[in-house]
Amino acid sequence: MSEGEKLYHERGVSLPETPPPGTAPPPWAATAVVGQALPRVDGYERLSGAAVFPSDLLLPGTIYGALLRCPYPHARLLGLDLEAAAAMPGVRAVIHGGTPEAAAVRYDYGSRQDLRLFPEECLYEGEAVAAVAADTPHQARDALRALAPRWETLPCVVDHRDARRDGAVAVHPAGNRVGEPRVHARGDVAAGFAAADVVLERDYSTPCELHTPMELHGCVAAWDGPNLTVWESTQGVFAVQEQLARYLDLPLSRVRVVGHYVGGGFGSKLQTDKYAVCAALLAARAARPVKIFLTREETMLAVGNRPANTMRLKAGVKRDGTLTALELHGEGSGGVYGGGTGLLEWEVCDLYACPNVRAELTDWAIHAGVQRPFRAPGHPQGAWALEQMMDELAAAIGMDAVELRLRNVPEVSQGRPGAPPYTSTGLARCLREGAEAFGWRDALARAAGQDPASPVRRGAGMAAGHWVAGGGGPPAGAVVTVYSDGSVVLEMGAADLGTGTKTVMAQIVAEELGVRPQIIRVLNADTASCPYSGPSGGSKTVPSDGPAVRDAAVKAKQLLLEMAAEELGARPGDLIYAGAVIHQRDDPSRQVAIVELPALRRRRSVVGVGQRGPNPEGKVTCPFAAQFCEVEVDTRTGEARVLRFLCAHDSGRVLNLKTYANQVIGGVTMGIGFGLTEERLLDRGQTGKLCSKSWHDYKLPTALDVPADIATLPIEPQDDACNTIGAKGLGEPVTIPTAPAIANAIHAACGVRLREAPVTPLRLAAALAARRQEG
Ligand code: MOS
């Protein structure tokens, strides 16, 4: 290593000036490192396989756990052959409903907090009734078979359209409706419809989508005396810590959760699950570390999904494009314990300026696995309805689809009490600049000029969206340590789901401290060493944790400035922190190198502890988006191929254009799955069992379904109000407008509008055939 590399701080770089202690740092004017398209700081570890994901972890003496699951959507467990299982080779522990420590757990699902870990009556396929641990994974699975469960099958209902009927099989004694319908109402919708020139009413439906992160769900649990450590593939180590402490009746201090790497989560890993409770209980029984990772089939049954929804949307518009009223009736099921309509109304209530809005949402219980947040909960479903409706309204009044949306861009968040203004709103710019960059008018003209006889038709479509939670907020903490050689460690609680969180946080530290981001070691997602941070979800990791990281770096700088002040006989406020050196403001020749600071050499390190400050009062921080696409429909086969996408996103400041574009490509890919290929299939009206239990039957979009041309157009309003780094969330907004943009393009291509997602070749071919018969 050369001398130059050893000096971790850089010379002659331009750094933001350090604010006095106790004051929030001002917004960055220009940035040197933040905004650069840098490769991942942990790219080598991820690509080489050196990164130890929780599923890779092998502690000495590890044994393997597995859960016995109910194979029916509704059944009662009559008995288990416990002796046979215990006698199987390699088996070290068996727990079941009668095991005292398992019976003591009060498990919660959604709205229910009083459930047994291993119930006798199982209300969904995949419910756990026992668990074993054995020397090998295969011995554990063999022991499950030896348990030879005896079941009484019971009647089931697995679709909310069946569950809401009179006389339907009852999921719960009180009935199948979960709670009262939720209503949002403002203005007077009847008056609004009366004032409209055009009123349309349409039915839409969206499928149940399954989370399928690359890394399966699971953990390794190990006890050291009274202390439990769990390495879990999770979006939030502190969330897992709190849940496990509650289930196991332990103080938080006794539960350490580590999740340095996680191979995706999409919302399904914001919480832990029965497997972690089982791993902890089995590890205590066997006095060995226990590793439980689910199979793909188990994850498809038991650890979450995006609820299926049906929606009726009525909309009124004037000839000049003014929206006069919107009315949504939404229903859905989040499985056995509710949560089927969360945020389903938000796009209808808040995206466009409209004085008269009513949304009523009804939630039904069915015999199926419990929903979990799924990348922008409720929003892609609501956008599927609203954004197709906007297209139909535009056509009905003879207005361009982009123009209609531009006429209804709101300045305030109308869905919230008091209609607070946004800290920044780039919706109009996303629409205008997105259309321009995409070549919207040219694409429409090209489509209009197609040979009418051609069976392969092209069309362009667009849609917009926004996301309820992308502003983040406290609590989030971070710790920055500068060592005596000038090297830097960042500790933060947040997980990096694969989005590049560690990289952008290193850039923030580098921006303030004048070190190269590649040499910052980021230690994250460990409850034992990191300050509290909320789970990485809601597209709020960057806006929540980024300012805390900046604060920690600034605090470390302030300590170094104090040390330099002592050395130079100056006041800290008269000094400038300039990367490798600190110098006097009025006489840069009076300087001291950071690694030469005597006080730092004595103390060996300085530690800056940062916190996320409060959000601005009376304002809402919100990311906006508009996406444009071209598709090609083969009217003979019903196949729709996505040719290209252009995604204009206002997520505030771009911290790293590479990780930003990665999020856009990933979000569009997921949206393509939602619109075209993905659908959980339950055997409705028959066994009620899951039919799409593998990646063969549950179709994720592959490289063949996703266009190479997914262009990212960041719209960067200068948002100095949202937080100290000026960034808003990006991950979830991307996946909201994608599917309706495709549906609109398909309609433009072939004149058929499918309001039922996903638009599979079968559905599209049937609709085309039906239209040919009519015509
Ligand atoms: Mo997201 S659905 O909050 O991970």
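**Exercise 1. A loop residue and its phi**

Classify Asp-249 by its relative accessibility of 69% as buried or exposed.

Solution. The cut-offs come first: buried means under 20% relative accessible area, exposed means over 50%, and partly exposed lies in between, with a 1.4 Å probe and protein chains only. At 69%, Asp-249 therefore counts as exposed. This is a predicted model, in which local features need pLDDT of at least 70 and side-chain atom pairs count only at pLDDT 80 or more, while totals for chains, interfaces and linings use all residues. Residues are numbered from 1 along each chain as its sequence is written, and side-chain values use heavy atoms, with hydrogens and water left out.

The next step is to place the residue: Asp-249 lies in the loop between helix H8 (237-248) and strand E13 (255-258), where helices (H or I, at least four residues) and strands (E, at least two) are DSSP runs numbered from the N terminus. Its phi is near 55 degrees, a positive value in a residue other than glycine. As background, most residues other than glycine have a negative phi, and most peptide bonds are trans.

**Exercise 2. A second positive phi**

State where Ala-419 is found, and give its accessibility class.

Solution. Ala-419 is found in the loop between helix H13 (401-406) and helix H14 (427-438). Its relative accessible area is 30%, so Ala-419 is partly exposed. Phi of Ala-419 is near 45 degrees, again a positive value in a residue other than glycine.

**Exercise 3. Cis peptide bonds**

Which residues are joined by a cis peptide bond with omega near 0 degrees, or about 0 degrees?

Solution. One such bond runs from Pro-474 to Pro-475, with omega near 0 degrees. Pro-474 is found in the loop between strand E18 (456-466) and strand E19 (477-483), and Pro-475 lies in that loop between E18 and E19 as well. With a relative accessible area of 44%, Pro-474 is partly exposed. Another cis bond joins Ala-757 and Pro-758, where omega is about 0 degrees; Pro-758 is found in the loop between H20 and helix H21 (761-774).

**Exercise 4. The span of a helix**

Test whether the distance between the end C-alpha atoms of helix H17 (residues 541-568) agrees with its expected span.

Solution. The expected span of a helix is 1.5 Å times one less than its number of residues. For the 28 residues of H17 this should give 40 Å, and the end C-alpha atoms are 39 Å apart, which agrees. The environment of the helix can be added: 22 of the 28 residues of H17 are buried, and the helix is mostly covered. Just after H17, Gly-569 takes a positive phi of about 65 degrees.

**Exercise 5. Aromatic pairs**

Classify the pair of Tyr-72 and Trp-151 from its centre distance and the angle between its planes.

Solution. Rings of Phe, Tyr and Trp (its six-membered ring) pair if their centres lie within 6.5 Å; planes under 30 degrees apart count as stacked, over 60 as edge-to-face and the rest as tilted. The structure holds eleven aromatic pairs. One of them is formed by Tyr-72 and Trp-151, 6.4 Å centre to centre with 80 degrees between the planes, and it is edge-to-face. This pair links distant parts of the chain, 79 residues apart, with Tyr-72 in the loop between strand E1 (63-69) and strand E2 (75-79) and Trp-151 in strand E8 (residues 150-153). Tyr-72, at 31% relative accessibility, counts as partly exposed, whereas Trp-151, at 18%, counts as buried.

The rings of Tyr-109 and Tyr-124 have their centres 6.1 Å apart and their planes at 80 degrees, so this pair is also edge-to-face. Tyr-109 and Tyr-124 are both buried, and together with Tyr-107, Tyr-247 and Tyr-337 they form one aromatic cluster.

**Exercise 6. A charge over a ring**

Which charged end sits over the ring of Tyr-107?

Solution. The criterion is that NZ of Lys or CZ of Arg is within 6 Å of the ring centre and within 35 degrees of the ring normal. The charged end of Lys-274 sits over the ring of Tyr-107, 5.0 Å from its centre. Arg-306 likewise lies over the face of Phe-674, at 5.4 Å from the ring centre.
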